[in-house]
Amino acid sequence: MTRIVCIANQKGGVGKTTTAGNLAVGTAKSGNQSLLVDLDPQCNSTTAFGVSPGEAHPLVQQQPLHESIVQTTNKRLDLLPGSRSFNDTSQLEQSDLMSVHDHLEGGVSSYDFVFIDCPPSLGRLTEAALTASTEVLMPIQCEYFAMEGLTQMIQVIRRVMREESNSLEFGGILLTMYDPALQLTHEVDEEVRDFFGDIVFDTVIPRDVAVSEAPSHGLAAIDYAPRSVGARAYIELCMEVLDRE
Ligand SMILES: Nc1ncnc2c1ncn2[C@@H]1O[C@H](COP(=O)(O)OP(=O)(O)OP(=O)(O)O)[C@@H](O)[C@H]1O
Ligand SMILES: [Mg+2]
């Protein structure tokens, strides 16, 4: 069965796009057929792979996905580009989120993994992504406001989970921009693990300049600087994600 992993956090700049891209590349490199879906109107996952955003989002507009899916330089990784169209978001206000679920499910059965990069909001796009996914992975940045707003995010996740015919599960919480030299990092680490328990990944993603440089070369960190600490952490995370099946 296809694992559809929604990468979501309403907070901006916590590493959603970076995590989605590296997991997509990492799972593909380990022999899986993977698809990265860019659902963020910022289209960072799209341009990071050197692809141009589309006119409208095929997932929202119910267009056949195969017509829009593009291949990447990684043999087993495909990309469903994002769209900057404002119509998409307003259209979603009216349409039934379950139809997005059905549309995605129907178009991705040949993949082992689908990773959905969400916008930094709790709006309809994120809700649609959650509804369409089998699991949600939430990156949390190790900073003072890390836990702020998480309650609302979790409320939305729980609401989607309660809906009948929904198979969404908690895929995990990921600590990003981890800096062991900072006391604050350890405080956030402890607080998050106390609160969420086992669903927090053992792997943490360190702050690493190689990770932030990679997109400007059209690559994920795993491909750009495979020996860097950031890339190694993402490879380790891939193994944890694969193990959690
Ligand atoms: N481990 C890391 N070390 C250093 N820089 C990082 C790391 N992870 C992400 N970054 C950088 O931090 C910035 C934010 O990361 P990213 O775009 O992945 O976050 P995001 O949650 O997708 O943001 P948005 O909410 O705007 O979509 C980017 O410039 C990215 O390159
Ligand atoms: Mg992003």
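The following dialogue explains how to read the ligand site, pockets and cavities of a predicted model.

Q: Which conventions apply to this predicted model?
A: Residues are numbered from 1 along each chain as its sequence is written, while chains are lettered from A and ligands numbered from 1 in the order in which they are written. Local features need pLDDT of at least 70 and side-chain atom pairs count only at pLDDT 80 or more, whereas totals for chains, interfaces and linings use all residues; side-chain values use heavy atoms, with hydrogens and water left out.

Q: How many residues surround ligand 1, and which are the closest?
A: A residue is near a molecule if one of its heavy atoms lies within 4 Å of it. Here 18 residues surround ligand 1, and the closest are Lys-16, Thr-17, Thr-18, Pro-206 and Asp-208.

Q: Which elements each supply at least two residues of the shell around ligand 1?
A: Helices (H or I, at least four residues) and strands (E, at least two) are DSSP runs, numbered from the N terminus. Helix H1 (16–29), strand S8 (200–206) and helix H8 (209–213) each do so, and H1 gives the most, with three residues.

Q: How does the shell around ligand 1 divide by class?
A: Ala, Val, Leu, Ile, Met, Phe, Trp, Tyr, Cys and Pro count as nonpolar, Asp, Glu, Lys and Arg as charged, and the others, Gly among them, as polar. The shell around ligand 1 has six nonpolar, seven polar and five charged residues.

Q: Where do oxygen atoms of ligand 1 meet polar atoms of Val-14, Thr-17 and Asp-40?
A: A polar contact is a pair of N or O atoms within 3.5 Å; within protein, one must be able to donate a hydrogen and the other to accept it, and residues adjacent in sequence count only if both atoms are side-chain atoms. For Val-14 the partner is a polar backbone atom, 3.0 Å from an oxygen atom of ligand 1. Side-chain N or O atoms serve in the other two cases, at 2.8 Å for Thr-17 and 3.5 Å for Asp-40. The protein covers 80% of the 620 Å² of accessible area that ligand 1 has on its own (Shrake-Rupley method, 1.4 Å probe; for residues, only the protein chains shown count as cover).

Q: In which pocket does ligand 1 sit?
A: On a 1 Å grid over the protein atoms alone, a cavity is a set of points where a 1.4 Å probe fits but cannot get out, and a pocket is an open set with protein on both sides within 12 Å along at least five of seven lines; lining residues have an atom within 4 Å of a point. A molecule sits in one if more than half of its atoms lie within 2 Å of its grid points. Ligand 1 sits in the largest pocket.

Q: What is the volume of the largest pocket, and which residues are closest to its centre?
A: Grid points are joined across faces, edges and corners, and a volume is the space filled by probe spheres set on the points. The largest pocket holds about 530 Å³. Of its 34 lining residues, the closest to the centre are Gly-15, Thr-17, Thr-18, Val-211 and Pro-215. H1 provides the largest share of this lining, five residues. The lining divides into 17 nonpolar, 12 polar and five charged residues.

Q: What is the volume of the second largest pocket?
A: The second largest pocket has about 240 Å³. Its lining includes Met-1, Arg-3, Phe-170 and Glu-245, and S7 gives the most to that lining, with three residues.

Q: How many cavities of 30 Å³ or more are counted?
A: The count comes to two. The largest cavity, of about 40 Å³, is lined by Leu-39, Asp-40, Pro-41, His-57, Ser-83, Asp-88 and Leu-125. The second largest cavity has a volume of about 30 Å³, and strand S1 (3–7) and strand S6 (135–141) each supply at least two residues of its lining.
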